[in-house]
Amino acid sequence: MKELRVNYEQEADFLPNGKGLNLIVSAQQSADQITAKCRNVKVEDLWSLTSFFGYSTQTFVLAVSLLDRFLAMTRVQPRYLSCVSLSCLHMAARVTEEECNLTPTDELIRIGQCRFTVSDLCRMEKIVTEKLRFQSKAVTALTFLQLYHQITLTHATYR
């Protein structure tokens, strides 16, 4: 329960900006704005890549959290969305996956069918890291689900 309280207090630091998310939701299809549909397509791509590379659900959830926070904070042109989303996945994988399970960056770009270079991805990761003041232990929805599951198991075992 103590861990649940601590995470609850930290949660606000890891939530996307509400105003920024509203701009994405209300955006109309255009060449210079990210719409909710564009964002959802990228989240589906992240899920596919997560599954393909055998990454954990935690990696996927952290990548989506980073993506949403970044999109809510920064105006991103649609042509850079693939680079942003893949960099979020790469950052999340480096935090949550074993070193031996990490996919090489060039392979990630190739399988993700993206048209940018490894240096582009590294630059984007640096931008995302700086904007979000990236911390490796982010509180996500999965954090709370895991805590609730532990609490339920503890109470079920106790009874």
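**Exercise 1. Burial and overall make-up**

Determine what percentage of the residues of the chain count as buried, and which elements build the chain.

*Solution.* Step 1: in this predicted model, the chain has 159 residues, and 39% of them count as buried. Step 2: the secondary structure consists of 8 helices and 0 strands. Step 3: read from the N terminus on, the order of elements is therefore α-α-α-α-α-α-α-α. Step 4: among the contacts with a separation of 6 or more, 75% join residues 24 or more positions apart.

**Exercise 2. The largest nonpolar core**

Identify which members of the largest nonpolar core touch the most other members, and which helices supply the core.

*Solution.* Step 1: the core holds 33 residues, and those touching the most other members are Leu46, Leu67, Val84, Leu86, Leu89, Phe116 and Val128. Step 2: at least two residues of this core come from each of H3, helix H4 (57–73), H5, H6 and H7. Step 3: H5 gives the largest share, 9 residues. Step 4: take Leu46 as an example; leaving aside residues up to four places away in sequence, Leu46 touches Phe60, Ala63, Val64, Leu67, Ser85 and Leu89. Step 5: as background, nonpolar side chains in soluble globular proteins tend to be buried together.

**Exercise 3. An aromatic cluster**

Describe how Phe52, Phe53 and Tyr55 are arranged in their aromatic cluster.

*Solution.* Step 1: the structure holds 3 aromatic pairs. Step 2: one of them joins Phe52 and Phe53, with 5.1 Å centre to centre and 85 degrees between the planes. An angle over 60 degrees counts as edge-to-face, so this pair is edge-to-face. Step 3: Phe53 also pairs with Tyr55, at 5.8 Å centre to centre and 35 degrees between the planes, and this pair is tilted. Step 4: Phe52, Phe53 and Tyr55 thus form one aromatic cluster. Step 5: Phe52 has 55% relative accessibility and therefore counts as exposed, whereas Phe53 is buried because its relative accessible area is 15%. Tyr55 is buried as well.

**Exercise 4. Two helix residues**

Decide for Thr105 whether the residue is buried or exposed, and do the same for Ala141.

*Solution.* Step 1: Thr105 lies in helix H6 (residues 105–111). Step 2: the relative accessible area of Thr105 is 18%, so Thr105 is buried. Step 3: beyond residues up to four places away in sequence, Thr105 touches His90, Val118 and Leu121. Step 4: Ala141 belongs to helix H8 (residues 141–158). Step 5: with a relative accessible area of 56%, Ala141 is exposed because the cut-off is over 50%. Step 6: Ala141 and Leu62 stand 79 residues apart in sequence, and their C-alpha atoms are 9.2 Å apart in space.

**Exercise 5. The largest pocket**

State how much space lies in the largest pocket, and characterise the residues that line the pocket.

*Solution.* Step 1: the space in the largest pocket is about 530 Å³. Step 2: 28 residues line this pocket, and Arg79, Tyr80, Ser82, Cys83 and Phe116 lie nearest its centre. Step 3: helix H3 (36–53), helix H5 (81–96) and helix H7 (118–132) each supply at least two residues of the lining. Step 4: by residue class, the lining divides into 13 nonpolar, 7 polar and 8 charged residues. Step 5: Phe116, one of the residues nearest the centre of the pocket, is also one of the core members that touch the most other members.

How values were computed
Residues numbered from 1 in each chain as written. Predicted model: local features only at pLDDT ≥ 70, side-chain atom pairs only at ≥ 80, totals over all residues. Heavy atoms only, no water. 1 Å grid on protein atoms, 1.4 Å probe; cavity = no way out; pocket = protein on both sides within 12 Å on 5 of 7 lines; lining within 4 Å. Points joined across faces, edges and corners; volume = space filled by probe spheres on them. Helix = DSSP H or I, 4+ residues; strand = E, 2+ residues; numbered from the N terminus. Nonpolar A, V, L, I, M, F, W, Y, C, P; charged D, E, K, R; others polar. Phe/Tyr/Trp six-rings, centres within 6.5 Å; stacked < 30°, edge-to-face > 60°. Buried < 20%, exposed > 50% of the residue type's maximum accessible area, 1.4 Å probe, protein only. Contact = heavy atoms within 4.5 Å. Core = buried A, V, L, I, M, F, W, Y, C linked by side-chain atoms within 4.5 Å.
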